[in-house]
Amino acid sequence: KIRRRLVDVGTHVEAGQLIAELDPRDLELQTVSARATLAAAEADLATAKSERERYETLLAKHFVSATQFDAVNNTFKAAQARVAEARAALEVARNQAEYASLRADHAGIVTSIAAEAGQVVAAGQAIATLARDGEREVEISVPENRIATYRPGQIAAVELWAEAGRRFAGNLREIAPEADATTRTYRVRVALDADSRTVKLGQTARVYFTADADIGRQ
């Protein structure tokens, strides 16, 4: 269960900043249980080790058979394996306890929230969507009869509808490998240069491509 959510849509977060927290009680109980299991396994290992050493001494004096010693030695090895298994389970429990705190893996802006405080969520369920800080992109749709004229790396200029007359330099970064099933157009992404950090997410833009000496508008 989500105990609290610390960000809203539009919040700018830094890398490592806390986004949401799960109720840690169940995870903490799992850690306590795993720690107790490890302690029990280590106690069994200590007993098995002592028994093995005793039988090893008896074997050297021919008081026990090799078969008896092998049985005790196998018990000792099994105890070692149980300790290794219990330690691994404890590490998993500790990792899961750390997952109770959801932190941003990079700086960016929260663009959507998919869960609220008090909601029960499953492992792997999305809680928030984060748009990474840095390079901005413009996505356009190109009809299939014109897609052949575009290529990755092609120089482009981007003009925002909100800032008519001002153009940002960019280049064609990606062309979708197949057309959209509904619109029959190809998704093309144009990366803007570093001076475009002031461009806000979701703005409308017009993209101009340069082909040799001519300028075509898309």
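Strands here are DSSP runs of E at least two residues long, numbered from the N terminus. With that in hand, welcome to some close-up views of this predicted model.

**View A. The second largest pocket takes more of its lining from β7 than from any other element.** β7 contributes 3 residues to this lining, and both β6 and β7 supply at least two. In total, 15 residues line the pocket, and those nearest its centre are Glu135, Arg136, Glu137, Val138 and Leu201. The volume comes to about 330 Å³. Sorted by class, the lining holds 7 charged, 6 nonpolar and 2 polar residues.

**View B. The largest pocket is lined by 27 residues.** Look for Leu22, Tyr99, Val121, Gln125 and Ile127, which lie nearest the centre of this pocket. The pocket has a volume of about 590 Å³. Its lining draws at least two residues from each of β3 (18–22), α1, β4 (101–103) and β6 (128–132). β3 is the top contributor, with 4 residues. The class count for this lining is 17 nonpolar, 5 polar and 5 charged residues.

**View C. Strands β7 to β11 meet in the largest nonpolar core.** This core has 18 residues, and those with the most contacts inside it are Ile140, Val158, Val188, Val190, Val207 and Phe209. At least two core residues come from each of β7 (137–143), β8 (155–160), β9 (167–175), β10 (185–192) and β11 (205–211). β10 holds the largest share, at 4 residues. If you would like another core to look at, a second, separate one of 9 residues includes Val7, Val13, Ala20 and Ala115.

**View D. Val190 and the residues it touches.** Leaving aside residues up to four places away in sequence, Val190 touches Val158, Val207 and Phe209, and also Arg136, Glu137, Val138, Ala156, Asn171, Leu172 and Arg173. Val158, Val207 and Phe209 are, like Val190, among the residues with the most contacts inside the largest core. Arg136, Glu137 and Val138 may be familiar from View A, as they are among the residues nearest the centre of the second largest pocket.

**View E. Thr31 is a buried residue of helix α1.** The helix spans residues 25–60. Thr31 counts as buried because its relative accessibility is 9%, and the cut-off for buried is under 20%. Not counting residues up to four places away in sequence, Thr31 touches Leu90, Ala93, Arg94 and Ala97.

Technical notes. Residues numbered from 1 in each chain as written. Predicted model: local features only at pLDDT ≥ 70, side-chain atom pairs only at ≥ 80, totals over all residues. Heavy atoms only, no water. Core = buried A, V, L, I, M, F, W, Y, C linked by side-chain atoms within 4.5 Å. Buried < 20%, exposed > 50% of the residue type's maximum accessible area, 1.4 Å probe, protein only. Contact = heavy atoms within 4.5 Å. 1 Å grid on protein atoms, 1.4 Å probe; cavity = no way out; pocket = protein on both sides within 12 Å on 5 of 7 lines; lining within 4 Å. Points joined across faces, edges and corners; volume = space filled by probe spheres on them. Nonpolar A, V, L, I, M, F, W, Y, C, P; charged D, E, K, R; others polar.
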